[in-house]
Amino acid sequence: MTTVANFTKGFIESLEPSSKRYYVRDSKTPHLIVGVTPTGRKVFYRYGRIYRRPVRHKIGEFGDITVALARQECARINGDVAKGNDPDAERRERRNEKTVGELWEWYLENHAKPHKKTWERDVANYNSSLKQWASRRLSALSTADIQAKHTQIGSTRGKYAANKMRELLRHMYSKAIGLGWAASNPANPVRKFEVQQRERFLNAGELKAFFDAVANIKRVTTRDFIMMALFTGARRSNVCEMRWEHIDFDNAIWFIPGDEFKTKAPQAVVLIEPAMSILRRRQSESDSPWVFPGQGVTGHLVDPRAAWQKALKESGITNLRLHDLRRTLGSWQANMGSSLHIIGKSLGHKTQQATQIYARLQLDPVREWVSRAVEAIIATSQNNSEKS
């Protein structure tokens, strides 16, 4: 680099391309140079030594910035270097920063799969809601971005799906902070949608159609699984993973081992006679450690969704999920006058809050008698009025 000149707009425009890239140094601003490429592009740089090594820091392309702005930026960088700062450190840090996709890969393999039974739901959640941000640097994803996505999903796919997206991203960023990959969590300020607790359960008018439809399911394992879910009120995943070694036939109790995903404490589930009848029959025909064996890699039944949907269609019952069988058992206990403590114990609830849904159901008989009393009061008052 031997040419030195006073940079002006006219001078920069007069520079002709050559077969090789060449540089010209500005005579007024120390370390400011312009590079001319064989294609005619002219780019301003700050060139000098930082920590004893030569560094060329790009300022901008002529045409996008003026000579005056290039000099101003070069002078600013010169000041930073004089203070002992490296102007390229931040850029190198951004270039090496993890992306959302890289964080997801780490999260899936190191946290979700080893620690979450529902990791496949996380995969579906990421693919449908977050995959478009895979190449985005972690620091580049803002709270405003997440808020907009949360609102969009809430209006198109529902509030529950939007909250799940926000929760997955929030959890991913919390891990990133622990790894030193992120300084803050942009998902934290995004407020979750208020979602009304689901209260769906089988009512008296639906029971016959439901039992008839389940009885018509061709696969016995699926049919027994659905009835076991209803008779025990256990979670779908627990019924899927039911093992013979955990069943006490003498005392009619099913011991669910301690589970770090829901609760670390084991749970004892009472087995009523209809459940025991299914188990005794299945045990006499079983050569598997699982009560409900399956064809997949787990060895047990995972999700009989197709048979479930077919049964619902046949029965004419709508808006019912497998988990609602658990609510069904709780609701019928409430209607029979069972205490919240007993209901919570039968469903394995660890907090009173989880059982509060059934407190509302217990008010139905009260409502009926209050209604009768008010009707009687009104009727009496009307009769008295006529007499007077």
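## Sheets, helices and buried residues

In strand S8, the residue that stands opposite Trp-254 is Val-269, with two strands counted as paired if DSSP finds at least two bridges between them. The coordinates are those of a predicted model, in which local features need pLDDT of at least 70 and side-chain atom pairs count only at pLDDT 80 or more, whereas totals for chains, interfaces and linings use all residues. Residues are numbered from 1 along each chain as its sequence is written, and side-chain values use heavy atoms, with hydrogens and water left out.

The protein chain has 16 helices and eight strands, where helices (H or I, at least four residues) and strands (E, at least two) are DSSP runs numbered from the N terminus. Of its 388 residues, 39% count as buried, a term that means under 20% relative accessible area, with exposed meaning over 50% and partly exposed in between (1.4 Å probe, protein chains only). Among contacts between residues at least 6 apart in sequence, 54% join residues at least 24 apart, a contact being heavy atoms within 4.5 Å.

**The three-stranded sheet**

The sheet that holds Trp-254 is open, with three strands in the order S6-S7-S8 and antiparallel pairing. Strand S6 (247-248) and strand S8 (267-270) stand at its edges with a single partner strand each, so one side of each has no neighbour in the sheet. Between S6 and S7, Ile-247 stands opposite Trp-254, while Asp-248 has Ile-253 as its bridge partner in S7. The side chains alternate along S7: Trp-254 and Ile-256 point to one face and are buried, whereas Ile-253 and Phe-255 point to the other face and are not buried.

S6 and S7 form a hairpin with four residues between them, and Ala-252 in the turn has a positive phi of about 55°. Most residues other than glycine have a negative phi, and most peptide bonds are trans. Ala-252 is partly exposed, with a relative accessible area of 21%. A positive phi of about 55° is also found at Asn-319, which is not a glycine and which lies in the loop between helix H12 (305-315) and helix H13 (324-335). Asn-319 is exposed, with a relative accessible area of 52%.

**The five-stranded sheet**

Another open sheet is formed by five strands in the order S1-S2-S3-S4-S5, and its pairing is mixed. Its edges are strand S1 (4-5) and strand S5 (53-61), each with a single partner strand, so one side of each is left without a neighbour in the sheet. Helix H2 (residues 67-82) packs on this sheet and touches S2, S3, strand S4 (42-50) and S5, and its direction makes about 15° with that of S4. Within the sheet, Val-24 has Val-34 in S3 as its bridge partner.

Strand pairs from the two sheets are listed here.

| Strand pair | Sense | Bridges |
|---|---|---|
| S2 (residues 22-26) and S3 (residues 32-36) | antiparallel | four bridges |
| S6 and S7 (residues 253-256) | antiparallel | two bridges |
| S7 and S8 | antiparallel | four bridges |

**Helices H8, H9 and H4**

Two packed helices are described by the angle between their axes and the distance between the axes. For helix H8 (residues 204-215) and helix H9 (residues 220-232), the angle is about 145° and the axes are 9 Å apart, the axes being lines fitted to C-alpha atoms over the stretch in contact, with angles that run from 0 to 180 degrees between N-to-C directions. H8 contributes Phe-210, Phe-211, Val-214 and Ala-215 to the contact, and H9 contributes Arg-223, Ile-226, Met-227 and Leu-230. These residues divide into seven nonpolar, no polar and one charged, where Ala, Val, Leu, Ile, Met, Phe, Trp, Tyr, Cys and Pro count as nonpolar, Asp, Glu, Lys and Arg as charged, and the others, Gly among them, as polar.

Helix H4 (residues 100-115) has a kink of about 45° centred on Leu-108, the bend at a residue being the angle between axes fitted to the seven residues ending there and the seven starting there. Leu-108 is one of the buried residues of H4, which also include Trp-104, Tyr-107 and His-111. Helix H5 (119-129) and helix H7 (159-179) are among the elements that cover the buried residues of H4.

**Cysteines**

How many disulfides are counted, if a disulfide is a pair of cysteine sulfur atoms within 2.5 Å? The count comes to zero disulfides. Cys-74 is buried, with a relative accessible area of 0%, and Cys-240 counts as buried at 3% relative accessibility.

Conventions. A disulfide is a pair of cysteine sulfur atoms within 2.5 Å.
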